[in-house]
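Trainee: Could you take me through one part of this model in detail? I would like to look closely at how the helices pack.

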Amino acid sequence: MEIVIPLIIGLSLIWLVGRGVPWNAKLMTLVVTLAVIVLIVLLERGGYWPESWRRS
C-alpha cells in the first residue's frame, strides 16, 4: 500500500491536468512518470538513495 496510494494519486493528477491534451501526449506523460517512479523505487531499494531523504 505504501507504493500503490501515491501511484494512484499521481495517475489521477496526470488525468486531471491532461484533460484536453491529445492522447499521445498523455501517454508519453504517463510513461515518463512511471519511469521516474520505478527509478526512484529501484534506487531506494538498491541502497543508492541518500540516507537523509529516507522516512524511516
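Mentor: Happy to; here is the helix packing, followed by its surroundings. Bear in mind that this is a predicted model. The protein has two helices and zero strands, so the part you ask about is the pairing of H1, residues 4–17, with H2, residues 23–45. Their axes lie 11 Å apart and meet at an angle of about 155 degrees. Because angles over 145 degrees count as roughly antiparallel, H1 is roughly antiparallel to H2. The crossing of the two helices is right-handed.

Now look at the side that each helix offers. H1 contributes Leu7, Leu11 and Ile14 to the contact, while H2 brings Thr29, Leu30, Thr33, Leu34 and Ile37. Sorted by class, six of the contact residues are nonpolar and two are polar, with no charged residues; Thr29 and Thr33 are the polar pair.

Follow H2 along its length next. Its 23 residues span 33 Å from first C-alpha to last, close to the 33 Å expected at 1.5 Å a residue. Just after H2, Gly47 adopts a positive phi of about 90 degrees.

Finally, step back to the whole chain. The C-alpha atoms fill a box of roughly 40 × 20 × 15 Å along the principal axes. The radius of gyration is 14 Å, whereas a compact globule of 56 residues would have one near 10 Å.

Note on methods
Residues numbered from 1 in each chain as written. Predicted model: local features only at pLDDT ≥ 70, side-chain atom pairs only at ≥ 80, totals over all residues. Heavy atoms only, no water. Axes fitted to C-alpha atoms, helices over the stretch in contact; angles between N-to-C directions. Helix = DSSP H or I, 4+ residues; strand = E, 2+ residues; numbered from the N terminus. Parallel < 35°, antiparallel > 145°, perpendicular 65-115°, else oblique. Left-handed = near helix turned anticlockwise from the far one by under 90°. Contact = heavy atoms within 4.5 Å. Expected span 1.5 Å × (residues − 1). Rg over C-alpha atoms; globule rule 2.2 N^0.38 Å.
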